[in-house]
Each structure stands twice: as structure tokens, then as C-alpha cells.
Amino acid sequence: MSIRILATSPLVGTALSGLGARFPELLLAPFRSPEWKAALPQAEALVGVLSDALTEAELDAAPRLRAIGTLSVGVNHLPLEACRSRGIAVVNTPGVLTDATADLALALLLALTRRVAEGEALLRSGAWTGWEPNQLLGSGLAGKGCGILGSGPIGRAFARRALVLGMAPLFWDRTGHGGEVDFGLGQAPRLALRELLSRSAVLSIHCPLTDQTRHLLDRQALGQLPAGAFILNTARGGILDEDATLDLLEEGRLGGVGLDVYEGEPRVDPRWLRAPRTVLLPHLGSATVETREAMARLLCDGLATALSASR
Ligand code: DGY
């Protein structure tokens, strides 16, 4: 059998089987399993997910490779320059996971600021003795600044949600500062990082992980946040310096941290599991049926186009 498409996991919906029917043969094998490695030399297209961090050496082992599809908008796990120089098309899934990811950031924000997990734990423990004026008091959001790192579709979608909560969105992006960002329900200022941080009661990360954004939020940057600020990361681990964040959290200088992504995931620094005022999720940003089906369709359509074009 000659393997044309090598996929590491089944996708939601029927898009992958449709691709396999159109471009036989398709092999499903876990990333770096013996079957996957054995099929690599024949593969013309790879289908993978964000944890399949391909290396240049693996590209060398795949001389027939013409396209790589990743079920993610993020492409930081792929050797992009090496793909470019070998003429290998990279197909990702922008656009279709915007609302799902912004919704999850909102869920983290409300869970953190209204202490949802602690309230649920209290109730389930059987220790709740009734309503009390001072019980599990959270933080209101209306009227406060919401700093958003990244003015792409997800950052702008989160700004719309923040506005509806009565917050004032503020943007930082890699294009520099000055001017305004139109986020669909209004305009918000694009600020220098230092100014944005100093005005952010809530800081939500929505930029890609690149050489420029790795540890953008280091100890010094985090020190600019107002006392009691909340940090949300639904973008990529590695943008936030987790050690520095944990130190500030443990010192009581942050209101809380909501994470969906981690540096080196799926490994999670055990300090997070003991840290106070955190909501920790296992990378669920795009995890809705509708979104994952749409991602699979976009990915498979893109691969079909790339394979047909290079026939
Ligand atoms: C992406 O697409 O990059 C997301 O992190 C997946 O949920």
C-alpha cells in the first residue's frame, strides 16, 4: 500500500474520511509510533494536532511530503522555515475557532472573578450552612480596564465580550502602539505594553507564540499590573512566564490566574495545582462539536487543494 496521507488522530466529523476517499491511501497512526515512522517516507501529506511538534529531521525523512495540515490556528509547533524552503504547504485552521476560544476565555474570567469552583466545592462538600453576607466574595468587572494582548480575530472577539460586561477593552499588538483597534462593537486604544499593563484589571492573552512574544509577560512586565489583577491565557503557554506568575500569585499580588494552556503541556507545573485563586483547564479553547467539525473541514479542504495543486 502506498500511503499518501498520514494522520495522527481521527478528527471530529467526516472530513478526514472524505479526504482519504479522495486521495487514497490514508493511514491513521499515533505521532511517532513505529507505524507512523515507517509510513513517513511515503507520505505526501501529514495531518496532525498542536502537540505533534515535527522536526526538520522528520521532514528530511519524508522526501515526498507536499503538505502538512494542523488542526489548530497556532503553528508554533511546526518548523515553518524548513517547510518553506522545501516547498511544503502548511495548512492551519484560522477563523473557525474565534468564538469558541473567546467564549472559553470569558468562562475562565467569570469562574475566577466569581469564585465558581470554590462555591461549587463548598456546596458539594456538604459544608455549606447557608447564605452569609461575606461568603466567597468575588470581584466585579464593570468599569474596569481589560487589557488584551493581540488584536487578531480572537482578541477582538474577547473585547466584544469584555465590553458587554461593562469593561473598557485596551489592546497591545506586535504592530506597535498608537491608533485604535476596531473590534466590531467599537474602537479601543492600541497601547504600549507598559501602559496597557498598568491599566489592566484583567489581562487576557490572545497573541501567537513567536520569538517576539516568548516570555513577553516576564517578571518585570507582570510587575506593571495593578495589585489584584486577573490574568487569562487561552493562547499559548510560553507567552506568560509561569514561574514569575506563580511567585506573584503566592505573594498575593494577583487576583487570580485562569489558564487553558501551559508551557511544555501536557506537563503542568505542579506549583499550579497547589496555587490559590486559579482556574486550570486542559486546553479546551476550541473544544465544541461545531468548532472541531469546522476545523476538520477547513483542514481537509486545504490539504485537498494543496495536494491537487502539486499533482
Ligand atoms: C489552536 O487552534 O491553536 C488552539 O490552541 C486549539 O484549540
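This is a short exchange about some local features of a predicted model.

Biologist: Why is W128 called partly exposed?

Modeller: The relative accessible area of W128 is 43%. Partly exposed covers the range between under 20%, which is buried, and over 50%, which is exposed. W128 therefore counts as partly exposed.

Biologist: What makes L123, W128 and W131 a patch?

Modeller: These three residues make a nonpolar surface patch of about 430 Å². Patch members need over 30% relative accessible area, and W128 has 43%. W128 sits in the loop between α6 (116–125) and β6 (145–149).

Biologist: Which residues surround the ligand?

Modeller: L50, S72, V73, G74, L97, R236, H283 and S286 do. Each is listed because one of its heavy atoms lies within 4 Å of the ligand.

Biologist: How do you know that R236 and H283 make polar contacts with the ligand?

Modeller: The cut-off is a pair of N or O atoms within 3.5 Å. A ligand oxygen is 2.7 Å from a side-chain N or O atom of R236. For the side chain of H283, the distance from a ligand oxygen to an N or O atom is also 2.7 Å. Both pairs therefore qualify. At G74 a polar backbone atom is involved, 2.9 Å from an oxygen of the ligand. Taken alone, the ligand exposes 230 Å², and the protein buries 94% of that.

Biologist: Is H283 itself called buried or partly exposed?

Modeller: Partly exposed, because its relative accessible area is 22% and buried means under 20%. Only protein chains count as cover in that value.

Biologist: What makes the backbone of H283 worth a remark?

Modeller: H283 has a positive phi of about 50° and is not a glycine. Most residues other than glycine have a negative phi. H283 lies in the loop between β13 (278–280) and α12 (289–309). L136 also has a positive phi, near 45°, and is placed in the loop between α6 and β6. With a relative accessible area of 28%, L136 is partly exposed.

Biologist: Where are the cis peptide bonds you list?

Modeller: One joins P24 and E25, with omega about 5°; another joins E265 and P266, with omega about 15°. Most peptide bonds are trans. E25 is in the loop between α1 (15–22) and β2 (26–28), and P266 is in the loop between β12 (254–259) and α11 (270–274).

Biologist: What does UniProt place at residues 106–285?

Modeller: The unreviewed entry gives "domain: D-isomer specific 2-hydroxyacid dehydrogenase NAD-binding" there. Over that range the chain is 30% helix and 19% strand, with the end C-alpha atoms 11 Å apart.

Terms used: Residues numbered from 1 in each chain as written. Predicted model: local features only at pLDDT ≥ 70, side-chain atom pairs only at ≥ 80, totals over all residues. Heavy atoms only, no water. Patch = residues over 30% accessible without salt bridge, like charges linked within 9 Å, V, L, I, M, F, W, Y side chains within 5 Å. Areas by Shrake-Rupley, 256 points an atom, 1.4 Å probe, with all protein chains shown as cover. Salt bridge = Lys/Arg side-chain N within 4 Å of Asp/Glu carboxyl O. Helix = DSSP H or I, 4+ residues; strand = E, 2+ residues; numbered from the N terminus. Buried < 20%, exposed > 50% of the residue type's maximum accessible area, 1.4 Å probe, protein only. Polar contact = N/O pair within 3.5 Å; in protein donor to acceptor, adjacent residues only side chain to side chain. UniProt positions renumbered as here; feature names shortened; annotations may be inferred.
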